[in-house]
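Q: I'd like to learn how to read metal and ligand sites in a structure file. Could we go through one together?

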Amino acid sequence: KVELYPNGRDVGQKVFKTAGFVKSFYQAEQMCSQSGGQLPSPRSTAENHALQQLVELENSGAAFLSMTDFWTEGRFTYPDGASLVYSNWAPGEPNDDSGREDCVEIISNGKWNDVPCGAKRLVICEF
Ligand code: GN1
Ligand code: CA
Ligand code: CA
């Protein structure tokens, strides 16, 4: 457990760990895969809560999740193309603000919002 303190959380079989800095979605995705992980795909309240804790810890406002609606506007999928089994959108989201929000952030209250993929958000990886 020592390597999970203070910037990691384990939930069931998953470990989430934050890099402690912000990157664009593309850079964040690349960083996670280079380290043998991927961007987080929270599939339950417990997983979402663990991610929320890391966002709160880093005081960074929000972190990227793995999901996008690249292929069909308004239909968010995991990187493998599968539909979401869990979601926690903030009221009124996803709204594709200005027609260019295809990535997802989790904010410090645990809610999700779609944002531009070029925005810079906290990097958390899932292992
Ligand atoms: C933010 O800055 P504004 O209000 O145009 C947010 C949107 C949200 C919206 C909710 C880059 O847009 O994704 O839907 O608030 N944009 C960013 O009011 O975070
Ligand atoms: Ca979109
Ligand atoms: Ca939005």
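**Reading the calcium and ligand sites**

A: Happily! This is a predicted model. Let's begin with N95, which is partly exposed because its relative accessible area is 40%.

Q: Is N113 buried or exposed?
A: Buried means under 20% relative accessible area. N113 has 15%, so N113 is buried.

Q: Which protein atoms are the donors of the calcium ion (ligand 3)?
A: Donors for Ca are N, O and S atoms within 3.2 Å. Here they are E93 (OE), N95 (OD1), E101 (OE), N113 (OD1), D114 (O) and D114 (OD), at 2.3 to 2.6 Å from the ion. N95 sits in the loop between β3 (62-68) and β4 (103-107), while N113 belongs to strand β5 (residues 112-115), so the pair, 18 residues apart, links distant parts of the chain.

Q: What spacing do the donors of the calcium ion (ligand 2) follow along the chain?
A: The pattern is D-x3-E-x22-D-x4-E-D. D69 and E73 each appear twice among the donors, through OD and OE atoms respectively, joined by D96 (OD), E101 (O) and D102 (OD). D96 counts as buried because its relative accessibility is 16%, and E101 counts as buried at 8%.

Q: Which polar contacts does ligand 1 make, among them one with N113?
A: An oxygen atom of ligand 1 lies 2.9 Å from an N or O atom in the N113 side chain. A polar backbone atom of D114 is 2.8 Å from a ligand 1 oxygen, and a polar side-chain atom of R121 is 3.4 Å from one. Taken alone, ligand 1 exposes 440 Å², of which the protein buries 46%.

Note on methods
Residues numbered from 1 in each chain as written. Chains lettered and ligands numbered in written order. Predicted model: local features only at pLDDT ≥ 70, side-chain atom pairs only at ≥ 80, totals over all residues. Heavy atoms only, no water. Donors = N, O, S within 2.8 Å, 3.2 Å for Na, K, Ca; no water. Buried < 20%, exposed > 50% of the residue type's maximum accessible area, 1.4 Å probe, protein only. Helix = DSSP H or I, 4+ residues; strand = E, 2+ residues; numbered from the N terminus. Polar contact = N/O pair within 3.5 Å; in protein donor to acceptor, adjacent residues only side chain to side chain. Areas by Shrake-Rupley, 256 points an atom, 1.4 Å probe, with all protein chains shown as cover.
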